[in-house]
Amino acid sequence: LIGLNFTSFAQTKTAADPSSITQPKLIKFYPNPATTVVNFDFQRGYEKSFNIEVYSALGKLMYESKNIPSRFNLNLDAFYRGIYYFLLRDKNGVIVESGKFQVVK
């Protein structure tokens, strides 16, 4: 007979651990799933130098905008049904936030 013992090695996070504290999102995007438009609204930390890139699930760059306003709408006319990812970059090109949304047409 062979005995198996499964042990959980889950790490517990404490308030003293900085990685356990989640930061509020910089940007809110809605609706998700979307049909005609996705709205992006900054919740905090807006800078005029932010850039946004939207990629298809296959990695194709679908949309790019530099120096985005604090609120903008992304028209989905050129987007097919599927999952898309956005990257929000600061003026140095560092990704400060990312997310995904679904287009259902």
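Good morning. A residue is called buried when its relative accessible area is under 20%, exposed when that area is over 50%, and partly exposed in between. By this rule, R89 counts as partly exposed, because its relative accessible area is 22%. I begin with that term since it returns throughout this talk.

The structure before you is a predicted model. Let me first describe the protein as a whole. It contains seven strands and zero helices. Read from the N terminus, the order of elements is therefore β-β-β-β-β-β-β, under the run-based assignment of strands and helices. The protein has 105 residues, and 29% of them count as buried. Its exposed surface amounts to about 7,700 Å², with carbon and sulfur atoms supplying 54% of that area. As for contacts between residues at least 6 apart in sequence, 48% of them join residues at least 24 apart.

I now turn to the charged side chains. How many salt bridges does a search of the whole structure find? The search finds three, and I shall take them in turn.

One of them involves R89, the residue with which I opened. Its side chain meets that of E53 in a salt bridge, with an N to O distance of 3.2 Å. Which strands hold these two residues? E53 belongs to strand 3, residues 51–56, while R89 belongs to strand 6, residues 82–89, so the salt bridge ties together parts that are 36 residues apart in sequence. As to accessibility, E53 counts as buried because its value is 11%, whereas R89, at 22%, is partly exposed.

Another salt bridge joins the side chains of R71 and D41, at 3.3 Å from N to O. This pair, too, links distant parts of the chain: R71 sits in strand 5, residues 71–75, and D41 in strand 2, residues 37–42, with their positions 30 residues apart in sequence. Is each partner buried or exposed? R71 has a relative accessibility of 58% and so counts as exposed. D41, by contrast, has a relative accessible area of 8% and is therefore buried.

The remaining salt bridge is formed by E64 and K66, whose closest N and O atoms lie 3.4 Å apart. Here E64 is partly exposed, because its relative accessible area is 41%. K66 has a relative accessible area of 54%, which means that it is exposed.

To summarise, this predicted model shows a protein of seven strands and zero helices, in which three salt bridges are found. Thank you for your attention.

Definitions and conventions: Residues are numbered from 1 along each chain as its sequence is written. This is a predicted model: local features need pLDDT of at least 70, side-chain atom pairs count only at pLDDT 80 or more; totals for chains, interfaces and linings use all residues. Side-chain values use heavy atoms; hydrogens and water are left out. A salt bridge is a side-chain nitrogen of Lys or Arg within 4 Å of a carboxyl oxygen of Asp or Glu. Helices (H or I, at least four residues) and strands (E, at least two) are DSSP runs, numbered from the N terminus. Buried means under 20% relative accessible area, exposed over 50%, partly exposed in between (1.4 Å probe, protein chains only). Contact means heavy atoms within 4.5 Å. Accessible areas come from the Shrake-Rupley method with a 1.4 Å probe; for residues, only the protein chains shown count as cover.
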